[in-house]
Amino acid sequence: MQNTDPLKPGYNFDAHLVAGLTPIIEGDELDFTIDRPGGMKGYIINLTSKGEGTIFSGEHAFNVRAGDLLLFPPSAAHFYQRSADSASWFHRWIYFRPRAFWNDWLTWHTEINGVYTTRDLPKNVTDAIEDLFIDIEYTAKSDLPYRNDLASNLLEQLLIRCKSVQPDVVTKPLDPRVIEAMNYMTQNLNQDFTLEDVAAHACLSPSRLGHLFRDETKMTMTQWRDDQRISRAKQLLVTTHYSVNHIGRIVGYSDPLYFSRVFKRKAGVSPKLYREQIT
Ligand code: FCB
């Protein structure tokens, strides 16, 4: 018979979101190693709330304690248990199948043997994160209307919070002159402006602005402008019946071939196919 308890081996995780707390106490029935060498179909996010766990064995082994977070991408091996030095290991976890646009939140700064880790977070951050874990579990198990959508929405918040505490996430506001340059480019997207025009507007020399822009955004102004143009073009392709060439002109490409080339490079498909796939 199929197991209906997700804390015991043999449970079939075929839902989009399953959340729980695994309270492992030395000698109890849950005191065994969770061992899934081939990983799972979905992701698992895991938060230690009490005690200590040991993840992996041998050279990859490490311990987790209160406030430490783990993110197992699908097919990353699961091998974890209560640490031999601790009488208990309580951990909260959420199994989920992500939506496509969550991708960016699902890579963290530090990875050990295919598993992302975030450790030593300050207590106030951990508390807010643990509250979300609890809320997600409670919501998913409730009989509220739209409980799955609500739980997914809370999970998005959780993933965004976890991503935003990564050490490589930029929190510094952009330099006002870079913002000025961005505003100019967005307002003149359909014009054939040059780097000199933008620089004059931001009161900098073209080379100074080019460097500053690159330092702050990790891309060149041309790349940034093309990204804006293509995302505007995507919007127009799905919300209007304008011809592809007309849309190309609206977003600043007077040469239709060039427009198609840039579009394909950024979107992976031609403008025509993009429209057909979405509408
Ligand atoms: C439970 C484990 C928990 C997590 C979920 C998916 O059985 O206790 O750590 O792996 O499965």
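**Ligand shell, strand E5 and Asp197 in a predicted model**

Modeller: In this predicted model, the residues around the ligand are Pro6, Leu7, Phe13, Thr22, Ile34, Arg36, Met40, Ile44, Tyr80, His91 and Trp93.

Biologist: What makes a residue count as being near the ligand?

Modeller: The criterion is that one of its heavy atoms lies within 4 Å of the molecule. Thr22 satisfies this, because a polar side-chain atom of Thr22 lies 2.8 Å from an oxygen atom of the ligand.

Biologist: Why is the pair formed by Arg36 and the ligand called a polar contact?

Modeller: An N or O atom in the side chain of Arg36 is 2.9 Å from an oxygen atom of the ligand. A polar contact requires a pair of N or O atoms within 3.5 Å, so the Arg36 pair qualifies. The side chain of His91 also places an N or O atom 2.6 Å from an oxygen atom of the ligand, and this pair is therefore a polar contact under that limit.

Biologist: How much of the ligand's accessible area does the protein cover?

Modeller: On its own the ligand has 290 Å² of accessible area, and the protein covers 98% of that. Two elements, strand E2 (34-36) and strand E7 (88-96), each give two or more residues to the shell.

Biologist: How do the residues of the shell divide into nonpolar, polar and charged?

Modeller: Eight are nonpolar, two are polar and one is charged. Arg36 belongs to the shell, and Arg counts as charged.

Biologist: What makes strand E5 covered on both faces?

Modeller: In strand E5 (residues 69-72), Leu69 and Leu71 lie on one side and Leu70 and Phe72 on the other, and all are buried. Each therefore has under 20% relative accessible area, as the term buried demands.

Biologist: How do you know that E5 pairs with strand E3 and with strand E9?

Modeller: Pairing needs at least two bridges. Strand E3 (residues 43-55) and E5 have four, in the antiparallel sense, so they pair. E5 and strand E9 (residues 115-118) have three, also antiparallel, so they pair as well. Leu69 of E5 is the bridge partner of Leu47, and in E9 the bridge partner of Leu69 is Thr118.

Biologist: Why is Asp197 called partly exposed?

Modeller: Asp197 has a relative accessible area of 34%. Buried means under 20% and exposed means over 50%, so Asp197 falls in between and is partly exposed. Asp197 is found in helix H4 (residues 195-201). Its C-alpha atom is separated by 9.2 Å from that of Tyr184, 13 residues away along the chain.

Technical notes: Residues numbered from 1 in each chain as written. Predicted model: local features only at pLDDT ≥ 70, side-chain atom pairs only at ≥ 80, totals over all residues. Heavy atoms only, no water. Polar contact = N/O pair within 3.5 Å; in protein donor to acceptor, adjacent residues only side chain to side chain. Areas by Shrake-Rupley, 256 points an atom, 1.4 Å probe, with all protein chains shown as cover. Buried < 20%, exposed > 50% of the residue type's maximum accessible area, 1.4 Å probe, protein only.
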